[in-house]
Amino acid sequence: MRAFGVASGGEILAEFESQEVMMFTDLVQQIIALLVRVKEGEADIDGAVLSRLFPDAYADDIEASDEFRRFTIDDLIDRKIENAQGVLESFDKAGVRATAEGDVTLVRLDREFSMYWLGTLTDLRLVLATNLGIGTEAPAVEGADNEYVQSLYEWFGFTQGSLIEALEEVEGISG
């Protein structure tokens, strides 16, 4: 992947290699499937992952947090699914360019789709961080290929960071 950049017309662009597109879209589809299972009330989902995706609204009041979650969870899930579907749609709309190294997918984002990407990248990184034991009291998930998961976590961080920098350039925000 080449970092997100800004075209002359203010459009945000990035190039992805075909294996990156396959890996990225597969993980986004997995996030959608996870969110659908949460909405349907399936109980086999890791509580640590859920608490990262849907943290308590009131850290010092579990009852109030549960009540808040009861009224907001469906909307939050719908928004996360919409974000993930927006990422998939941007890949569907993407152009393909042949290079000496193979085909490259050129993703073009406007502000709306950039927001979909930021939300989905955050969700992906939260799930991966949970599996790695980052920012949680729980240890890393046993049996996971932690080196691979760590590289995905870092790659999504690079992707998210370059998108934020491109958005700052488009919005005229100096960092």
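Start by selecting Lys80 and Phe54: Lys80 lies over the face of the Phe54 ring, 5.5 Å from the ring centre. Keep in mind as you click around that this is a predicted model.

There's another charge-over-ring spot to pick next. Select Arg125 and Tyr153, and you'll find the charged end of Arg125 over the Tyr153 ring, 4.1 Å from its centre.

Tyr153 is a handy way into helix α5, since Tyr153 is one of the buried residues there. Select residues 146–171 to see the whole helix. With 26 residues at 1.5 Å a residue, α5 should span 38 Å, and its end C-alpha atoms are 37 Å apart, so the two agree. Now colour the buried residues of α5, including Val149, Leu152, Phe156, Thr159, Leu163 and Leu167. Looking at the spacing, it helps to recall that an α-helix has 3.6 residues a turn, so residues three or four places apart point the same way.

What do the buried residues of α5 pack against? Show β1 (2–6), β2 (12–17), α1 (18–39), β4 (102–109) and α4 (111–132), and you have the partners. Before leaving, click on Gly172, which follows α5 and has a positive phi, near 75°.

Next, go for the aromatics. The whole structure has 14 aromatic pairs. Select Phe24 and Trp155 for an edge-to-face one, 5.8 Å centre to centre with 85° between the planes. Phe24 belongs to helix α1 and Trp155 to helix α5, so this pair ties together parts 131 residues apart in sequence. Are these two rings buried or exposed? Phe24 is buried, at 0% relative accessibility, and Trp155 is buried too, with a relative accessible area of 17%.

For another edge-to-face pair, select Tyr58 and Phe68: 6.1 Å centre to centre, 85° between the planes. Tyr58 is in the loop between α2 (47–53) and α3, while Phe68 is in helix α3, 10 residues apart. Tyr58 is partly exposed, with a relative accessible area of 38%, and Phe68 is partly exposed at 39%.

Back to Phe24 and Trp155: add Phe4, Phe16, Phe91, Trp117 and Phe156 to that selection, and you're looking at one aromatic cluster.

Last stop, Ser90. Which helix holds Ser90? Ser90 sits in α3, residues 62–93. Ser90 counts as buried because its relative accessible area is 3%, and the cut-off for buried is under 20%. Leaving aside neighbours within four places in sequence, show what Ser90 is in contact with: Val107, Leu109, Phe113 and Trp117. Trp117 is also a member of the aromatic cluster you just selected.

Methods. Residues are numbered from 1 along each chain as its sequence is written. This is a predicted model: local features need pLDDT of at least 70, side-chain atom pairs count only at pLDDT 80 or more; totals for chains, interfaces and linings use all residues. Side-chain values use heavy atoms; hydrogens and water are left out. Helices (H or I, at least four residues) and strands (E, at least two) are DSSP runs, numbered from the N terminus. The expected span of a helix is 1.5 Å times one less than its number of residues. Buried means under 20% relative accessible area, exposed over 50%, partly exposed in between (1.4 Å probe, protein chains only). Contact means heavy atoms within 4.5 Å. Rings of Phe, Tyr and Trp (its six-membered ring) pair if their centres lie within 6.5 Å; planes under 30 degrees apart count as stacked, over 60 as edge-to-face and the rest as tilted. A charge sits over a ring if NZ of Lys or CZ of Arg is within 6 Å of the ring centre and within 35 degrees of the ring normal.
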